[in-house]
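Work through the exercises below with the model open in your viewer. Try each task before you read its solution.

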Amino acid sequence: MKITFWGVRGSFPVSSPDVIRYGGNTPCIEVQTDDGTIVIDAGTGIRGLGKSLLARGVSHVDLLLSHAHWDHIQGFPHFEPLFHDDVSITVHSLRHPRHTLSSIFSEQQQESFYPVRLEDLKARITFVEHDDGEAFEVAGAHVVIRRLNHPGVAGGFRIEFGVRTFSYISDTDLNGECLLASDLPATPKIEDIDWLRRLRQSACDLGQSADLMVCDTFFLPDEYDSTWGHSRPDDFVEFATEAGAGTVCLFHHRPDRSDDEMDTIVDACRAKVKGDLRVLGANEGLEIDL
Ligand SMILES: [Zn+2]
Ligand SMILES: [Zn+2]
């Protein structure tokens, strides 16, 4: 697998001289296998990816959507392959109790918000909704989707191709309060603390022995707010060590975070590592061959 980072910023895209090295686009990662192309999330980074895919003649992608918060879908209308009739795209995400996946995307392109409706795009778009824990095959890879602790319905992915494993565990608070209240199923009724345990176990299952784990390190300890569903670098250094990951990649950077601040955070994490865990700070353009 070849992993390419096209957008690494959380919440909101930014552009200023002090974010040039890490980049300002919101989440989008390309996963190339021998058999096809997987895209994770459709943040603003997907715009550049779209141009690259067209230049390379890629005519089908499977888009794995972690969740529909703006920073993860706002690049979709500007994904140029959608305007080509020889392109097909299959969008995969967790089933939402109140919204269909297609309605989420079509509402983003209502006339009030965007000049081209979803149904008028030329590419063939298919939406596939998955249950928590479901496994499926795309681009020759085995994928598992699991729900994570984040407001609304959000998931992460474990992608196995050959003997290599890539885990995407962004937008989750590993150690905070349970954030699923409005979407908890009515039965069985269990306490939040038990849901938290289940959701942390889901993250563990996704990340176990991963060669590469991409994680949510949005907050520093003095910024942390448990209502937003994001973690801190220390949370994931500890978690990745427990999971036996080879490399942990800090991701979903706070919009205010400058390049110099990111360097400081990455260095501080490396200093705390016990064992062989490798720590990287995701930057736009970073390519990792697994
Ligand atoms: Zn996000
Ligand atoms: Zn989110």
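**Exercise 1. Find the residues that helix 1 buries, and what covers them.**

Solution. Start with helix 1, residues 46–56. Ile46, Leu49, Gly50, Ser52 and Leu53 are buried there. Keep in mind that this is a predicted model. Next, look for the cover. It includes strand 1 (2–7), strand 2 (28–32), strand 3 (37–40) and strand 4. Then check what comes after the helix. Gly57 follows helix 1, and its phi is positive, near 75°.

**Exercise 2. Repeat the analysis for helix 5: which residues are buried, and what covers them?**

Solution. Helix 5 spans residues 233–243. Its buried residues are Pro233, Asp235, Phe236, Val237, Phe239, Ala240 and Ala243. The cover includes strand 10, helix 4, strand 11 (212–216), strand 12 and helix 6. Just after helix 5 comes Gly244, with a positive phi of about 75°.

**Exercise 3. List the donors of the zinc ion (ligand 1) and classify their arrangement.**

Solution. Step one: collect the donors. Asp71 (OD), His72 (NE2), Asp171 (OD) and His252 (NE2) coordinate the zinc ion (ligand 1), at 2.1 to 2.3 Å. Step two: place these residues in sequence. Their spacing reads D-H-x98-D-x80-H. Step three: take the angles. Ideal angles for four tetrahedral donors are 109.5 degrees. To count as tetrahedral, four donors need all angles between 85 and 135 degrees. Around the zinc ion (ligand 1) the 4 donor atoms subtend 91 to 168°, so the arrangement is irregular. Step four: check burial, with the limit at under 20% relative accessible area. Asp71 is buried at 6%. His72 is buried at 0%. His252 is also buried, with a relative accessible area of 0%.

**Exercise 4. Do the same for the zinc ion (ligand 2): which residues coordinate it, and at what distances?**

Solution. The donors are His67 (NE2), His69 (ND1), His150 (NE2) and Asp171 (OD), at 2.1 to 2.6 Å. The 4 donor atoms subtend angles of 85 to 173°, which makes this arrangement irregular. Along the chain, the spacing is H-x1-H-x80-H-x20-D. Now find the link between the sites. Asp171 bridges the zinc ion (ligand 2) and the zinc ion (ligand 1), which lie 3.6 Å apart. His69 sits in the loop between strand 4 (60–64) and helix 2 (70–73), and Asp171 in the loop between strand 10 (164–169) and helix 4 (192–207), so the pair ties together parts 102 residues apart in sequence. Finally, compare exposure. Asp171 is buried, at 2% relative accessibility. His69 is partly exposed, at 32%.

**Exercise 5. Which residues other than glycine have a positive phi, and where do they lie?**

Solution. Begin with the background. Most residues other than glycine have a negative phi. Ala139 is not a glycine, yet its phi is positive, about 50°. Ala139 lies in the loop between strand 7 (135–138) and strand 8 (141–147). With 12% relative accessibility, Ala139 is buried. Now turn to His252. Its phi is also positive, near 60°. His252 is in the loop between strand 12 (247–251) and helix 6 (259–272). Recall that His252 is also a donor to the zinc ion (ligand 1).

**Exercise 6. Describe the largest pocket: how much space lies in it, and what lines it?**

Solution. About 590 Å³ of space lies in the largest pocket. The lining has 26 residues, and Ala68, His69, Trp70, Ile73 and Ile104 lie nearest the centre. Helix 2, strand 5 (88–94) and helix 3 (101–108) each give two or more residues to the lining. Helix 3 gives the largest share, 4 residues. Sort the lining by class: 12 residues are nonpolar, 12 polar and 2 charged. One nearest-centre residue, His69, is also a donor to the zinc ion (ligand 2).

**Exercise 7. Map the surroundings of Ile89: buried or exposed, and in contact with which residues?**

Solution. Ile89 lies in strand 5. Its relative accessible area is 2%, so Ile89 is buried. Set aside neighbours within four places in sequence. The contacts are then His60, Val61, Leu63, Phe76, Phe79, Leu82, Arg124, Ile125 and Thr126. Last, take one C-alpha distance. Ile89 and Val39 are 50 residues apart along the chain, and their C-alpha atoms are separated by 10.0 Å.

Notes: Residues numbered from 1 in each chain as written. Chains lettered and ligands numbered in written order. Predicted model: local features only at pLDDT ≥ 70, side-chain atom pairs only at ≥ 80, totals over all residues. Heavy atoms only, no water. Donors = N, O, S within 2.8 Å, 3.2 Å for Na, K, Ca; no water. Tetrahedral: all angles 85-135°; square planar, octahedral: opposite > 155°, others 65-115°. Buried < 20%, exposed > 50% of the residue type's maximum accessible area, 1.4 Å probe, protein only. 1 Å grid on protein atoms, 1.4 Å probe; cavity = no way out; pocket = protein on both sides within 12 Å on 5 of 7 lines; lining within 4 Å. Points joined across faces, edges and corners; volume = space filled by probe spheres on them. Nonpolar A, V, L, I, M, F, W, Y, C, P; charged D, E, K, R; others polar. Contact = heavy atoms within 4.5 Å.
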